[in-house]
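Hi,

Here is the structure I promised to pass on. Have a look at it first, and then read my notes underneath.

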Amino acid sequence: PYRTPTASTTSTNMTARMESNERSDLELVAAARAGASQAFTDLVRRHGARVWGLLWSRTHRRTDVEDLTQETFLRAYRQLPTLEHTDRFAGWLLSIAVRTWSDWRRAKARTEVGLEAIQVEPAQPAPESTNDRDALRAAVTSLPEPLRDTLVQFHFGGKSYRELAALFDVTEAAINARLTKARQLLRERLE
């Protein structure tokens, strides 16, 4: 049954959350490997938005992103004992997210019927704003992966240059170059 938190339990929970925020990924991974489920929960909280943003940049469907994010963390939990460089947890986790997405995409391609064969012409032309959105989505999707991921994380994920540099393990100058190149390619493709 649900119990209303008391001042002491609320204080204890807040202290535990503050301590987990102060703990490094290295410490949380070690604790999770030792069986502390709260440590892995803290890793999920810390890296969930990053994984979600990466998967969003590839699928653009909320339900798919939610499923893939959950699958990513499930795989990470199962593979945690195989992580060799515990100080590189974030990169390792993102690589699992990319593999999870790749597996999902391949499975989806095998099960889908050729939509071109069954599509029907719409009764009315779509509004121009929808066409513009579709054109933009297609242009973004066609960008090379590093440019697309950087652009999506910056504009839709709200990440700063510094956060992106840490996420992709590059300099802030490289982030600026990626965003500049991505915008240039989008302008060319949308003209």
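Below is what turned up, going from the overall fold to the pockets, the rings and a few single residues.

Before anything else, keep in mind that this is a predicted model.

**Overall fold**

The protein chain has ten helices and zero strands, so if you walk along from the N terminus you simply read α-α-α-α-α-α-α-α-α-α. Of the 191 residues in the chain, 30% are buried. As for how the chain meets itself, take the contacts with a separation of 6 or more: 57% of them join residues 24 or more positions apart.

**The two pockets**

I started with the empty space. The largest pocket holds about 230 Å³. It is lined by 13 residues, and Gly91, Leu94, Leu167, Phe168 and Asp169 are the ones closest to the centre. Four elements each contribute two or more residues to this lining: α3 (37–59), α5 (89–111), α8 (145–155) and α9 (161–168). Which of the helices gives the most? That is α5, with four residues. In terms of chemistry, the lining of the largest pocket splits into seven nonpolar, five charged and one polar.

The second largest pocket comes in at about 170 Å³. Around it you will find Trp56, His60, Arg133, Leu136, Arg137, Val140, Val152 and Phe156. Here helix α7 (residues 128–141) supplies the largest share, four residues. Sorted by class, the lining of the second largest pocket has five nonpolar residues, two charged and one polar. Do keep Trp56 from that list in mind, as this residue comes back in the next part.

**Aromatic rings**

There are five aromatic pairs in the structure. One of them joins Trp52 and Trp56: the ring centres are 5.4 Å apart and the planes make an angle of 5°, which is under the 30 degrees cut-off, so this pair counts as stacked. Both tryptophans belong to helix α3, where they are four residues apart, or about one turn of the helix. Are they buried or exposed? Neither label fits, because the relative accessible area is 28% for Trp52 and 23% for Trp56, and both values make the residue partly exposed.

Another pair is Phe89 with Trp92. Their ring centres lie 5.7 Å apart with the planes at 45°, so this pair is tilted. The spacing is again about one helical turn, since Phe89 and Trp92 are three residues apart in helix α5. Both residues of this pair are buried: the relative accessible area is 0% for Phe89 and 15% for Trp92.

Elsewhere, ring pairs tie Phe40, Phe73 and Tyr77 together into a cluster. There is also a charge to look at: Arg58 has its charged end over the ring of Trp101, at 5.1 Å from the ring centre.

**A few single residues**

Glu66 is part of helix α4 (residues 62–79). With a relative accessibility of 36%, Glu66 is partly exposed. Its C-alpha atom is 8.8 Å from that of Leu55, and the two residues are eleven apart along the chain.

Thr86 sits in the loop between α4 and α5. What is its burial state? Thr86 has a relative accessible area of 17%, so this residue is buried, given that the limit is 20%. Setting aside neighbours within four places in sequence, Thr86 makes contact with Leu26, Val29 and Arg33.

Leu147 is found in helix α8, and at 11% relative accessibility this leucine is buried as well. Which residues does Leu147 touch, if those up to four places away in sequence are not counted? They are Arg178, Lys181, Ala182 and Leu185. The C-alpha atoms of Leu147 and Ala177 are 9.2 Å apart, with their positions 30 residues apart along the chain.

Cheers

Notes. Residues are numbered from 1 along each chain as its sequence is written. This is a predicted model: local features need pLDDT of at least 70, side-chain atom pairs count only at pLDDT 80 or more; totals for chains, interfaces and linings use all residues. Side-chain values use heavy atoms; hydrogens and water are left out. On a 1 Å grid over the protein atoms alone, a cavity is a set of points where a 1.4 Å probe fits but cannot get out, and a pocket is an open set with protein on both sides within 12 Å along at least five of seven lines; lining residues have an atom within 4 Å of a point. Grid points are joined across faces, edges and corners, and a volume is the space filled by probe spheres set on the points. Ala, Val, Leu, Ile, Met, Phe, Trp, Tyr, Cys and Pro count as nonpolar, Asp, Glu, Lys and Arg as charged, and the others, Gly among them, as polar. Rings of Phe, Tyr and Trp (its six-membered ring) pair if their centres lie within 6.5 Å; planes under 30 degrees apart count as stacked, over 60 as edge-to-face and the rest as tilted. Buried means under 20% relative accessible area, exposed over 50%, partly exposed in between (1.4 Å probe, protein chains only). A charge sits over a ring if NZ of Lys or CZ of Arg is within 6 Å of the ring centre and within 35 degrees of the ring normal. Contact means heavy atoms within 4.5 Å.
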